[in-house]
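This report describes the fold of one protein, moving from its overall make-up to a pair of packed helices and then to its nonpolar cores.

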Amino acid sequence: MKNKTNKILDPRSKKETRDILTARSRPKTAGNWLVSQLREAIISGELVAGSAIRQDMLAEKYEVSRMPVRQALDVLAAEGWVVQRPHKGAVVADLNADDVIELFEVRTSLEKLAIARSFPNLTEEQIEDIEVAWNAYQEGDGDSLVLHQQFHLALYAAAGPRLIRLLMQQLDAAQRYLRFESSEIQNSDADQAEHIALIEAAKARDVAKGIEIIEAHVSEGGHGIAEKILKRGTDPDG
Ligand SMILES: [Zn+2]
């Protein structure tokens, strides 16, 4: 594999990636803050899929005026978290079997690319970060979905800031579905074995092996969730 050609040379891109990965805890502007609060509320299920969004209630809850709420909803609509209905206001986007399959296919492509770009460039320090993230996930010290996401992002730490940004959007979107699925799929023995194999592949800088594992790991998850949505009849066609 010609893995030296995409070597990341500029230390700024490493710093930028680190900044992106830690940015969540300290958003810059009030508008960003509200967008991330509302996104978290949708991910956590506090704002329920398919339910109408009451702008006045949000304004009151977050102690802001209506204008920033409207602006935040526009951003979330552009990102697919909410759907704007003319003259009727916004609703939280519904969970949808076709959407989850598309989302997990997008994730698979991006995560394969992330492995191809990251693994050859991982520093020893970044390998240690992967193990730290893995231990935190194993110990379950915090929200397991967030810890799982952080573990995956640690694997891609050397992929480059543009790709990390794209991936984080998709991983956030996937969290909604993973929460709906609960813990069955993602904490299975097969999943754990795949995670351990991913760490081994990262340490060996083995891109081909990493890609093989991630393909199975991500797409199985997506299909499992789609089946569950259809069974439950949440999907309009289901
Ligand atoms: Zn995983």
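The paragraphs below take up the secondary structure, one helix crossing and the cores in turn.

The model is predicted, and its secondary structure consists of 10 helices and two strands, which follow one another from the N terminus in the order α-α-α-α-β-β-α-α-α-α-α-α. Of the 238 residues in the protein, 31% are buried. Among contacts between residues at least 6 apart in sequence, 74% join residues at least 24 apart.

Helix H2 (residues 30-44) and helix H4 (residues 66-78) have axes that come within 9 Å of each other and cross at roughly 60°, which means that H2 is oblique to H4. The crossing of these two helices is right-handed. From H2 the contact draws on Ala30, Gly31, Leu34, Val35, Leu38 and Arg39, while H4 supplies Pro68, Gln71, Ala72, Val75 and Leu76; by class, these comprise eight nonpolar, two polar and one charged residues.

The largest nonpolar core has 38 residues, and those with the most contacts inside it are Val100, Ala154, Tyr156 and Ala202. The elements that give two or more residues to this core are tabulated here.

| Element | Residues |
|---|---|
| helix H5 | 97-118 |
| helix H6 | 124-139 |
| helix H7 | 144-155 |
| helix H8 | 161-181 |
| helix H9 | 189-203 |
| helix H10 | 207-232 |

Leaving aside neighbours within four places in sequence, Ala202 is in contact with Phe119, Leu122, Ile127, Ile130, Leu155 and Gly210. A second, separate core of 15 residues includes Val69, Ala72, Leu76 and Ala90; of these, Ala72 and Leu76 also take part in the contact of H4 with H2.

Technical notes
Residues are numbered from 1 along each chain as its sequence is written. This is a predicted model: local features need pLDDT of at least 70, side-chain atom pairs count only at pLDDT 80 or more; totals for chains, interfaces and linings use all residues. Helices (H or I, at least four residues) and strands (E, at least two) are DSSP runs, numbered from the N terminus. A residue is buried if 20 or more other C-beta atoms lie within 10 Å of its own, exposed if 12 or fewer, and partly exposed in between; C-beta atoms are placed from the backbone. Two residues are in contact if their C-beta atoms, placed from the backbone, lie within 7 Å. Axes are lines fitted to C-alpha atoms, for helices over the stretch in contact, and angles run from 0 to 180 degrees between N-to-C directions. Angles under 35 degrees count as roughly parallel, over 145 as roughly antiparallel, 65 to 115 as roughly perpendicular and the rest as oblique. A crossing is left-handed if the near helix is turned anticlockwise from the far one by less than a right angle, and right-handed if clockwise. Ala, Val, Leu, Ile, Met, Phe, Trp, Tyr, Cys and Pro count as nonpolar, Asp, Glu, Lys and Arg as charged, and the others, Gly among them, as polar. A nonpolar core is a set of buried Ala, Val, Leu, Ile, Met, Phe, Trp, Tyr and Cys residues joined through C-beta atoms within 7 Å.
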